[in-house]
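Student: I should like to learn how to read a protein model residue by residue. Where may we begin?

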Amino acid sequence: MSVIVTGGAGYIGSHIVKRLVEMGEAPIVIDDLSEGHRDSIGECRLIIGDFSDPEVLGKAIADDDPPFIIHMAANSLVGESIVNPSKYYENNLIKSLRMLDFLREEKVKGIVFSSSAAVYGEPKEIPIKENHPQDPTNPYGETKLSFERALEWYRRSYSIGYVSLRYFNAAGADPDGTIGENHADETHLIPRLLLAILGRIESVEVFGDDYPTYDGTCIRDYIHVMDLAEAHILAMVFLERNRGAGRIFNLGNGEGFSVLEVIEMVKRVTGRDVPVKIGKRRQGDPAVLLASSAKIVEELRWKARFPSLADIIETAWKWHRAHPEGYKKK
């Protein structure tokens with residue numbers, strides 16, 4: 001298959017690229033390396049540039065082989081999106097629409113879209129299902145939802161099939177330890193805890209311990225990044241067999257873990273203490289976010305290979321311990 005992965009040198013994208021290579025595919029990565037890393041994709045072909053640039057896209061598309069597109073490229077910091085919504089509308093929505101208009105002329109086979117649980121906003125029921133009301137509380141979630149809606153209209157009008165995958169909390173790393181999570185501005189809980197253990201940051205702040213949960217801290221649904229990668233492969237297979245179809249699936253572990261539970265598991269896995277301090281709540285943080293992945297299990301036969309929190313943390317620790325300074329180069 002001809003597969004183009006936008007943002008393929010990023011955290012989740014690089015794990016998808018590696019899975020494609022393991023299958024015998026030769027994915028083409030489009031990435032401007034503003035957040036991605038060249039070292040994360042091995043010898044795969046990389047086109048450095050803007051994923052919405054017709055010239056860049058043209059270089060990636062073979063004349064006789066319409067591609068699948070796995071669209072990962074996006075800005076994804078909720079707080080930044082509130083402070084600078086223009087950046088998020090430009091990069092996550094306007095550029096994505098520009099890409100989509102170019103691709104419809106190329107008779108693309110289908111698009112697998114990296115969406116987010118942020119499209120739901122404050123949960124009204126737990127676990128969250130795909131038909132849960134969508135009411136984003138920040139521009140990041142709003143831009144993801146807006147592009148999802150555009151995909152459905154483009155499907156109806158231009159017969160472009162798509163699968164939109166709404167992630168919950170991606171975590172972990174490839175079990176072989178060669179690739180992992182490496183952000184310049186790390187905001188995710190598990191890597192921050194590991195970075196604190198390694199002395200890269202002083203401590204980790206817990207944002208609130210007075211939530212209406214069993215230990216007072218927020219509960220989140222963590223899904224292993226390799227399980228996410230496998231879902232993208234299954235989504236492509238679905239689109240190959242069902243041209244012009246459109247589907248939306250949640251991707252989560254189905255089990256929630258509190259912040260304090262994650263901290264205790266990190267201590268257990270690493271055998272080290274973690275410098276932690278308790279801070280105030282962050283505005284807009286729901287007490288509990290928990291996914292129902294029953295739909296993708298039923299329709300695509302997806303199954304999590306790494307469902308335990310210990311597995312997630314062990315693979316992340318293996319990566320961070322082997323790469324205490326992260327990747328060597330952008």
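Tutor: We begin with aspartate 101, which counts as partly exposed because its relative accessibility is 31%. Buried means under 20% relative accessible area, exposed over 50%, and partly exposed in between, with a 1.4 Å probe and protein chains only. Please note that this is a predicted model, in which local features need pLDDT of at least 70, side-chain atom pairs count only at pLDDT 80 or more, and totals for chains, interfaces and linings use all residues. Residues are numbered from 1 along each chain as its sequence is written, and side-chain values use heavy atoms, with hydrogens and water left out.

Student: With which residue does aspartate 101 form a salt bridge?

Tutor: A salt bridge is a side-chain nitrogen of Lys or Arg within 4 Å of a carboxyl oxygen of Asp or Glu. Aspartate 101 forms one with arginine 104, and their closest N and O atoms are 3.2 Å apart. Both residues lie in helix 4, 3 residues apart, about one turn of the helix. Helices (H or I, at least four residues) and strands (E, at least two) are DSSP runs, numbered from the N terminus. Arginine 104 also meets glutamate 105 in a salt bridge (3.5 Å, N to O). Glutamate 105 counts as exposed because its relative accessibility is 55%.

Student: Where do glutamate 148 and arginine 166 lie in the chain?

Tutor: Glutamate 148 and arginine 166 form a salt bridge, the closest N and O atoms being 2.6 Å apart. This pair links distant parts of the chain, with glutamate 148 in helix 5 and arginine 166 in strand 6 (residues 162–167), 18 residues apart. Glutamate 148 is buried, because its relative accessible area is 4%. Arginine 166 is buried too, with a relative accessible area of 1%.

Student: How many salt bridges does the structure hold?

Tutor: The structure holds 18 salt bridges. A network of them links Lys18, Asp174 and Asp176.

Student: Which side chain of opposite charge is nearest to glutamate 186?

Tutor: For charge, Lys and Arg count as positive and Asp and Glu as negative, while His and the chain ends are not counted. The nearest side chain of opposite charge is that of arginine 192, 7.1 Å away, and glutamate 186 is buried yet has no salt bridge. Its place is the loop between strand 7 (169–171) and helix 6 (189–197). The side chains of glutamate 186 and histidine 183 are joined by a polar contact of 2.9 Å. A polar contact is a pair of N or O atoms within 3.5 Å; within protein, one must be able to donate a hydrogen and the other to accept it, and residues adjacent in sequence count only if both atoms are side-chain atoms.

Student: Which residues does leucine 103 touch, not counting residues up to four places away in sequence?

Tutor: Contact means heavy atoms within 4.5 Å. On that basis, leucine 103 touches Ile61, Ile69, Val108 and Ile111. Leucine 103 is found in helix 4 and counts as buried, because its relative accessibility is 0%.

Student: How should the backbone be read at lysine 107 and proline 127?

Tutor: Lysine 107 has a phi near 55°, a positive value in a residue other than glycine. Lysine 107 lies in the loop between helix 4 (85–105) and strand 5. At proline 127, the peptide bond from isoleucine 126 is cis, with omega near 0°. Proline 127 is found in the loop between strand 5 (110–116) and helix 5 (139–158).
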